[in-house]
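Visitor: Please take a close look at the packing of one pair of helices in this model, and then at one loop residue. I would like the cut-offs stated as you proceed.

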Amino acid sequence: MLAKTRFSTLNSRIRGVKTHDVRGSVASIGGLELMVDGLGGAVGIGSQVEISGFSGLIRGEVVALKAGIASVLPYGSWEGVSTGDEVSLLDAQGEIRPDASWLGRILDAFGNPMDGLDLGEGGRGYPYRNQPPEAFARRAVGEKLETGIKAIDIFVPLCRGQRLGIFAGSGVGKSTLMGMFARQVKEADVIVMGLVGERGRELQDFIRRDLGEDGLARSVLVVATSDQPPLTRRQAAWTATAVAEYFRDQGKHVFLMIDSVTRFAMAQREIGLAAGEPPTTKGYTPTVFAELPKLLERSGPGNPELGQGDITAIYTVLVDGDDMNEPIADTVRGILDGHAVLSRKIAEAGRYPAIDLAKSISRMLPHCHMKAENSILGEARRALSRYAEMEDIVRIGAYRQGTDPETDRALAFAPAAEAFLTQGMRDPSASEMAFATLYGLLLEGGYVIDTAGIQA
């Protein structure tokens with residue numbers, strides 16, 4: 001292992017040797033944007049440059065070109081940089097070289113270890129901005145996965161190769177739900193998690209409390225905290241996805257979680273505005289809506305002819321003001337294969353996970369459930385929907401028991417179902433047992449379910 005690490009380090013240094021030297025100079029600086037002259041036709045959008053400032057070397061990325069002038073944004077800050085400073089074009093390949101030894105490690109947005117220890121490198125480079133497998137070459141979405149989360153396994157089932165969105169406002173239990181997924185989805189060979197724009201204080205809490213030692217042992221974490229520049233925050237999502245693609249190409253089933261897509265979009269908005277793009281809906285620039293499908297489509301089923309596995313993905317969306325129809329939420333919902341909505345009202349009532357069952361849906365239904373399970377699910381949804389319609393009327397005393405049999409059954413079933421769906425962080429439940437319990441609650445509430453397919 002030591003020899004492999006030394007060889008990887010040597011390879012990394014060799015790749016860092018420049019094959020040609022292109023230099024320019026800083027023409028002007030304004031806010032986050034730095035204008036560079038003299039790089040000529042050698043530079044393109046996305047090119048990496050290095051500025052020799054008073055405080056040391058600072059890395060940046062070209063985000064716009066106009067009349068031979070390159071607009072550059074930093075991966076840090078422009079502190080110490082002044083006009084006339086030298087700018088060098090880097091021979092960066094825009095790629096990462098993942099390795100199986102990365103399991104259990106925590107990396108920054110560029111794949112560098114955050115613990116300061118050596119990190120092995122694989123022999124093949126994976127572009128940060130890779131192309132997804134061809135749509136016709138992908139295999140179909142696979143079998144249902146056991147998440148151990150009753151509300152998910154029954155009402156919003158997750159299948160192998162599916163992409164599911166978790167939509168929530170701040171402080172509603174999104175990170176806790178992600179930790180439950182990471183610990184309890186046992187069918188996945190590898191977990192890759194990208195924490196994009198997270199609070200630095202929460203990193204250790206999430207690793208120790210939500211993920212745990214067992215979860216970390218089969219995981220790779222890529223982290224960019226909220227105080228880092230927009231280029232770095234955006235980079236974390238790309239790097240996490242590239243790492244997932246490496247393990248997928250080894251034939252493994254990868255469970256990818258990106259938290260959150262909203263902060264990725266906000267970072268892209270900052271980059272677009274600095275590059276001179278016009279703001280559109282709620283200030284988001286056009287490239288935001290172009291970049292989202294490029295990121296999200298990279299996950300999903302792989303190409304069986306190439307021996308690829310699958311990437312099952314969970315993407316969180318931090319909705320602005322609990323508005324589930326704001327631009328990013330609306331766009332992401334149209335790309336993914338289902339969504340689970342976390343409700344502040346349900347969380348305040350004390351039911352966790354606070355999944356709003358009426359607003360959540362999996363596009364894998366009804367095919368991923370058996371006939372009996374679909375019968376139970378359908379009856380439970382109708383009962384909970386009826387209860388939601390009548391809840392306010394019942395509370396003010398305007399409904400009299402016995403007036404409507406359907407409402408009476410819903411009133412008997414819904415409180416018991418709410419208590420049943422309440423679940424602790426470390427309290428997994430098998431989906432077969434969850435369906436059996438829900439079936440029993442429906443019968444106790446007076447529902448008659450077609451049992452012809454119960455054994456099917």
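Guide: An angle counts as oblique when it is neither under 35 degrees (roughly parallel), nor over 145 (roughly antiparallel), nor 65 to 115 (roughly perpendicular). The model is predicted, so local features need pLDDT of at least 70 and side-chain atom pairs count only at pLDDT 80 or more, while totals for chains, interfaces and linings use all residues. Residues are numbered from 1 along each chain as its sequence is written, and side-chain values use heavy atoms, without hydrogens or water.

Helix α3 spans residues 174-184 and helix α4 spans residues 200-217, helices being DSSP runs of H or I with at least four residues. The two pack at an angle of about 55°, and their axes lie 8 Å apart. α3 and α4 are therefore oblique to each other. From α3, the residues Ser-175, Thr-176, Met-178, Gly-179, Ala-182 and Arg-183 meet Phe-206, Arg-209, Asp-210 and Leu-211 of α4, with contact meaning heavy atoms within 4.5 Å. By class, the residues of this contact of α3 with α4 comprise four nonpolar, three polar and three charged.

The loop residue is Ser-429, located between α11 (405-421) and α12 (431-444). Ser-429 counts as buried because its relative accessibility is 17%, the limit for that class being under 20% with a 1.4 Å probe. Setting aside neighbours within four places in sequence, Ser-429 is in contact with Glu-146, Gly-148, Lys-150 and Asp-153, as well as with Gln-423 and Ala-434.

Conventions:
Buried means under 20% relative accessible area, exposed over 50%, partly exposed in between (1.4 Å probe, protein chains only). Axes are lines fitted to C-alpha atoms, for helices over the stretch in contact, and angles run from 0 to 180 degrees between N-to-C directions. Ala, Val, Leu, Ile, Met, Phe, Trp, Tyr, Cys and Pro count as nonpolar, Asp, Glu, Lys and Arg as charged, and the others, Gly among them, as polar.
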